[in-house]
Amino acid sequence: MNRACDASSPIPRAFGRLREHPGAVPGEIPGLLERLAEVPDPRDPRGVRHALVVVLSLTACAVLAGATSLPAVGEWITNAPLSVLERLGVRPDPLSPKRCLPAEATVRRLLGRIDGDALDRGVGRRPADRRAGADGRLHAVAVDGKTLR
């Protein structure tokens, strides 16, 4: 097992497995970040420290890594691997060498204020957005152990 990556985070291994799968190519599937960016931000734009898409994507990664509560999500975000933070667009803190991460309280407040229907539409449409591959056929997407076609 590669000790260079955080053992509690299967995200880097998942990215590697997706790259190996010939049926999933970047041009074929709209990114989750693009879908999360469609969710309207309920906050006043003045003083916003963390972009909504960053908070939502970090939360999604934490849940995919096994977080089952908001404190667990906050802990995962605090310990997230640098490679994941970079891929999700977490900006470095301008005053120190570390990244500025949302706290659990920020995640909790923001999740309580966002439009759940808009989030559900954005994330739920992602599997339906699959386009035909080079061979002209649609490829299956596994969701919760089931296959959508």
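User: Why is T59 called buried?
Analyst: In this predicted model, T59 has a relative accessible area of 10%. Buried means under 20%, so T59 counts as buried.

User: Where does T59 lie, and what is it in contact with?
Analyst: T59 lies in helix α3, residues 52–64. Leaving aside neighbours within four places in sequence, T59 is in contact with V73, V107 and L111.

User: What makes L111 partly exposed?
Analyst: The relative accessibility of L111 is 32%. Buried would need a value under 20% and exposed one over 50%. The 32% of L111 falls in between, so L111 counts as partly exposed.

User: Which helix holds L111, and which residues does L111 touch?
Analyst: L111 is found in α6, residues 104–113. Not counting residues up to four places away in sequence, L111 touches L56, T59 and L70. The C-alpha atoms of L111 and V55 are 9.1 Å apart in space, with the two positions 56 residues apart in sequence numbering.

User: Why is α3 called roughly perpendicular to α4?
Analyst: The axes of α3 and α4 cross at roughly 105° and come within 9 Å. Angles of 65 to 115 degrees count as roughly perpendicular, so α3 is roughly perpendicular to α4.

User: Which residues of α3 and α4 meet?
Analyst: From α3 there are L58, T59, C61, A62 and V63, and they meet V73, W76 and I77 in α4.

User: Why are α4 and α6 called oblique to each other?
Analyst: α4 and α6 pack at an angle of about 125°, with their axes 8 Å apart. Roughly perpendicular ends at 115 degrees, and roughly antiparallel needs over 145. The angle of about 125° fits neither range, so α4 and α6 are oblique.

User: What is the hand of the crossing, and which residues make the contact?
Analyst: The crossing of α4 past α6 is right-handed. On the α4 side the contact is made by L70, P71, V73, G74 and I77, and on the α6 side by E104, V107, R108 and L111.

User: How do you know that the buried residues of α4 line one face of the helix?
Analyst: In α4, which spans residues 70–78, the buried residues are V73, G74, W76 and I77. Seen down the axis of α4, these buried residues fall within an arc of 160°, so they line one face. E75 and T78, on the other side of α4, are exposed.

User: What makes the buried residues of α6 a single face?
Analyst: T106, V107 and L110 are the buried residues of α6. Down the helix axis they fall within an arc of 95°, so they line one face of α6. The face turned away from that buried side carries the exposed residues R109 and G112.

User: What covers the buried residues of α6?
Analyst: The cover includes α3 and α4. One of those buried residues, V107, is in contact with T59.

User: What is the order of the elements in the chain?
Analyst: The chain has seven helices and two strands. From the N terminus on, the order is α-α-α-α-α-α-α-β-β.

User: How many of the 149 residues, as a percentage, count as buried?
Analyst: Of the 149 residues, 30% count as buried. The chain exposes about 9,900 Å², and carbon and sulfur atoms supply 55% of that area. Among contacts with a separation of 6 or more, 61% are between residues 24 or more positions apart.

Methods
Residues are numbered from 1 along each chain as its sequence is written. This is a predicted model: local features need pLDDT of at least 70, side-chain atom pairs count only at pLDDT 80 or more; totals for chains, interfaces and linings use all residues. Side-chain values use heavy atoms; hydrogens and water are left out. Buried means under 20% relative accessible area, exposed over 50%, partly exposed in between (1.4 Å probe, protein chains only). Helices (H or I, at least four residues) and strands (E, at least two) are DSSP runs, numbered from the N terminus. The arc is that of the directions from the helix axis to the C-beta atoms. Contact means heavy atoms within 4.5 Å. Accessible areas come from the Shrake-Rupley method with a 1.4 Å probe; for residues, only the protein chains shown count as cover. Axes are lines fitted to C-alpha atoms, for helices over the stretch in contact, and angles run from 0 to 180 degrees between N-to-C directions. Angles under 35 degrees count as roughly parallel, over 145 as roughly antiparallel, 65 to 115 as roughly perpendicular and the rest as oblique. A crossing is left-handed if the near helix is turned anticlockwise from the far one by less than a right angle, and right-handed if clockwise.
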